[in-house]
Amino acid sequence: MSTRRPQPEPPALPGVDPRIQRTLEVRDHAGEERRWHLLDSAPLLAERGVTPRGTLLAVHGNPTYSFLYRSLVREDIPWRVIAVDQLEMGWSERTGTTRRLQDRITDLSLLTDALDLRGPVVTVGHDWGGIVSVGWALDNRHDVVGMVLTNTGIHQRIGEQLPRALQLATTPAVLPATTSITDAFLRTTLSLSKPALPREVQDAYLAPYRGRSRRRGIETFVADIPAAEDHPSRATLERLAEGIREMQVPTLFAWGPKDITFSDRYLRDLIARVPHAAVHRFEGASHLVWEDADVAGLVATWLADTFGEDASAPPAPAPAAVSTYAEQAPAEPVGAPIARLAADPAHAHGPAVVEIAGHGTAGREISWSLLHRRVEDVACGLLAHGVRPGDRVSVLITPGADLTVVLYACLRIGAVAVIADAGLGVDGLTRAVIGSHPDWIIGIPKALVGARALGWPGRRISVEQLPTVDRRALGVETSIAQLAAEGARMRDLGAPLDAPHPAPGADAAVLFTSGSTGPAKGAVYTHAQLGAMFAAVGDTLRLDPSRGLVAGFAPFALLGPALGAPSVVPDMDVTRPGELTAQALADAVDALGSPAVFTAPAALRNILDTAASLDDRGRAALARVPSFFSAGAPIPAHLLRRLKDLMPAASALTPYGMTECLAVTAISLEGIEAAGEGSGVCVGTPVPRVEVALAPLDAEGRTTGEITQEPGVTGEILVRAPHVRDRYLMLWGTTRTSRRFEGWYATGDAGHLDEDGRLWVEGRTTHVLATAEGLFTPVRIEEAAEAVPTVRRAGAAVVGPRGTQQVVVVLETEDDHRPGRATRPRPASPALQEAVRRGVREAAGVGVVAVFTTRSLPTDIRHNSKIDRAALSRWAEQTLRGERADAL
């Protein structure tokens, strides 16, 4: 007579077709018959007449079950999906047996044998199910063609602390209380997702774990974490951690960085063990990344790209990025102008980097000779300290001589400089640093304090020599001052820097975007691409040693040495470029004589607004400026005309480009005036070595897959150039989307070409308005609203479903503008509403359902100019539904 306990039947689950739920009896590792519950999509594939290309074997962790993988059952994944409930978990049998890691791997193999599962198989794992799936893959490697791992860990070093959440959970006195006596462990896991999971989804996760006996598997799963050397599962974990190195199959890591358990430290370890893996970090996603992000969509794309139509054949190597421009070695290494000018008697003692100490007073002035010597000394010191080619170095230094020296020393030895500036804000900077997985952090004391407090990874080097107590508190190993001294000593003893220059295709730098369209992305440049980018900017701005550069947008200060141009950053808060004053700009100009000026677009209005406070010397300095440039957002002609009053001798040029490709096009004030009025902002013709095309949009604002250079066609702007970035760092899906047009970089911007080959930018493709009256780009509407008297700036938002969206306009007015203050917009006055509605209807041909005013429109932190239209739309949706919306 059987003594097995009766098992509840699995209920209908939200989002799960009942036809794919099944149970079967299989002998486990102890030889006992056990009932398994699983999801099996084979019936749905058969119904659709689809022959599966292979099988996705999905293994959950603790405390979830197969329900986690319901999103994998979709029409664009023509693979059989088998998602199991591990024994003691989900709706599988509760046997009362304590199962160790190896037991779970063996049990899974016995199940797949009973299913007669044969290759090609791609394993899919999450949490501790990731480790089990790796164990199955190693034991069944003849069937495995690929692996997908999500928020898991494959190794835990002896003596390394477990994540705090697991430290608490594994404490003997706490373990049963939180895992089986109560459902606290399960509810805490579900609560990690923000926004909260829908109630029906939470209930589905809770359902199989009602009652202490149903939760004992959660307790034993936690107890089986092999952190200690004498743990029974430790040997198995070590075997898997080493064995995964041997799995030379296509692999995808998808990660939720906000996970408090399997943080990025586990992802770094996995990448070190499987360096060929494709990696995608879903910023904002937490432990249950399958619930927080479209992981299934990423997997669908990865499967199609990796295996195509026939997963049984060995996958071909991934093709290199296609480009019309072959990647060739640059004429000289990046930074070579520094050495060349240092050796030229005419320039050796001239200024390379000038610092403004504040309030217009002069600071340090670094000559080309001194800059070159300092770069060589620091490069020698870095190598001697253990920094190696390919190491990522997060550079957290304010613009000036120190930043310039460290950056070019890194480039010289082949270390990859990670540039995420303070303009991203604390949260953005934290995401960028942690997300770049730096091996080293070189920073000023303030940055190192933040690194310690916020848990940023990487060995630490300070810029200046710190007191011993501070050095120990911050975990600082040495300083740039010490490394420079050591490098100089080595060179004086006859050991010059003889490290080879990096190869053109080696990674050179990771430059972070502004985050205006979501979390900032790390654009990876090779040495060849970075050199081509410097050349493109230098050609566009016509910079040379006799023509210095005032970098009113701090990151541009790094361009000067690569272009052989002296550079200076004005006295300004680099996190608020929009607050640059006319006097601060004039002081910086005066420090170099008659340099070119580059500012962020947001600075223009404040420069004009503060011009009245200029002294005579400041006015004279600005009158000497030969050229003025601004990029980051299109510049209206009326602002450029007003700047001519301040800088009458300057030719005004506004390049169009982005962190991923700078520059793309350029146009002068005269060119803007010649272009006249049009839909969007005219940004001119392509700069040398750049080609531009459009991917037309359909009626709902989506690209059609075609490519055209026909005038008048609105679409996504595509760029082809030798200085397009190589890829996005650990954003496989985003990189793939930007490369979906073979040989082109898809910018995400919307626009069109005119009859003269000029490009007009009309906003972001994601902000295109798909209304019942047709397709409209936001810039058309905003320009029409800004033509109304008293309107300072306008933002276009939409409410409703695509195809029937309605337009809402939010305004800053001249009377009410107050930067930097979050406020809730309020309805505009009847007269202003009527004027905006009439102006938009006449100029853009679309109706406006509501007009609001606000003190300050939401913009990106770095540029202070790119309007967050998605935030405006969310606010408008809530407000027009009668809900209380957050301040903007």
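## Helix 29 and its buried face

Right after helix 29 comes glycine 845, with a positive phi near 80 degrees. Keep in mind that this is a predicted model. The helix itself covers residues 830–844, 15 residues in all, and runs 21 Å from its first C-alpha to its last, close to the 21 Å expected at 1.5 Å a residue.

Which residues of helix 29 are buried? They are Leu832, Gln833, Ala835, Val836, Gly839, Val840 and Ala844. Viewed down the helix axis, the buried residues of helix 29 fit within an arc of 165 degrees, so they line one face. That spacing fits a general rule: an α-helix has 3.6 residues a turn, so residues three or four places apart point the same way. Over on the other side of helix 29, Pro830, Ala831 and Glu842 are exposed.

What do the buried residues of helix 29 pack against? Their partners are helix 28 plus a set of strands: strand 31 (774–776), strand 32 (791–799), strand 33 (806–813), strand 34 (826–827) and strand 35 (848–853).

## Proline 778, in helix 28

Helix 28 spans residues 778–786, and proline 778 lies in it. Is proline 778 buried or exposed? Its relative accessibility is 0%, so proline 778 counts as buried.

Leaving aside residues up to four places away in sequence, proline 778 touches Glu762, Gly763, His767, Val768, Leu769, Ala796 and Arg869. Glutamate 660 is 118 residues away from proline 778 along the chain, and their C-alpha atoms are separated by 23 Å.

## Where helix 22 meets helix 24

Now for a helix pair. The axes of helix 22 (residues 582–592) and helix 24 (residues 616–623) come within 8 Å and cross at roughly 65 degrees. The crossing is left-handed.

Helix 22 brings Ala582, Gln583, Leu585, Ala586, Val589 and Asp590 to the contact, while helix 24 supplies Arg617, Gly618, Ala621 and Leu622. Sorted by class, the contact between the two helices has six nonpolar, two polar and two charged residues.

## Glutamine 156, in a loop

Last stop: glutamine 156, which sits in the loop between strand 6 (144–150) and helix 4 (164–170). How does this loop residue come out, buried or exposed? With a relative accessible area of 5%, glutamine 156 is buried, given that the cut-off for buried is under 20%.

Setting aside residues up to four places away in sequence, the contacts of glutamine 156 are Gln161, Leu162, Ala227, Arg234, Leu237, Arg265 and Tyr266. As for histidine 126, it is 30 residues from glutamine 156 along the chain, with 16 Å between the two C-alpha atoms.

Technical notes: Residues are numbered from 1 along each chain as its sequence is written. This is a predicted model: local features need pLDDT of at least 70, side-chain atom pairs count only at pLDDT 80 or more; totals for chains, interfaces and linings use all residues. Side-chain values use heavy atoms; hydrogens and water are left out. Helices (H or I, at least four residues) and strands (E, at least two) are DSSP runs, numbered from the N terminus. Buried means under 20% relative accessible area, exposed over 50%, partly exposed in between (1.4 Å probe, protein chains only). Contact means heavy atoms within 4.5 Å. Axes are lines fitted to C-alpha atoms, for helices over the stretch in contact, and angles run from 0 to 180 degrees between N-to-C directions. A crossing is left-handed if the near helix is turned anticlockwise from the far one by less than a right angle, and right-handed if clockwise. Ala, Val, Leu, Ile, Met, Phe, Trp, Tyr, Cys and Pro count as nonpolar, Asp, Glu, Lys and Arg as charged, and the others, Gly among them, as polar. The expected span of a helix is 1.5 Å times one less than its number of residues. The arc is that of the directions from the helix axis to the C-beta atoms.
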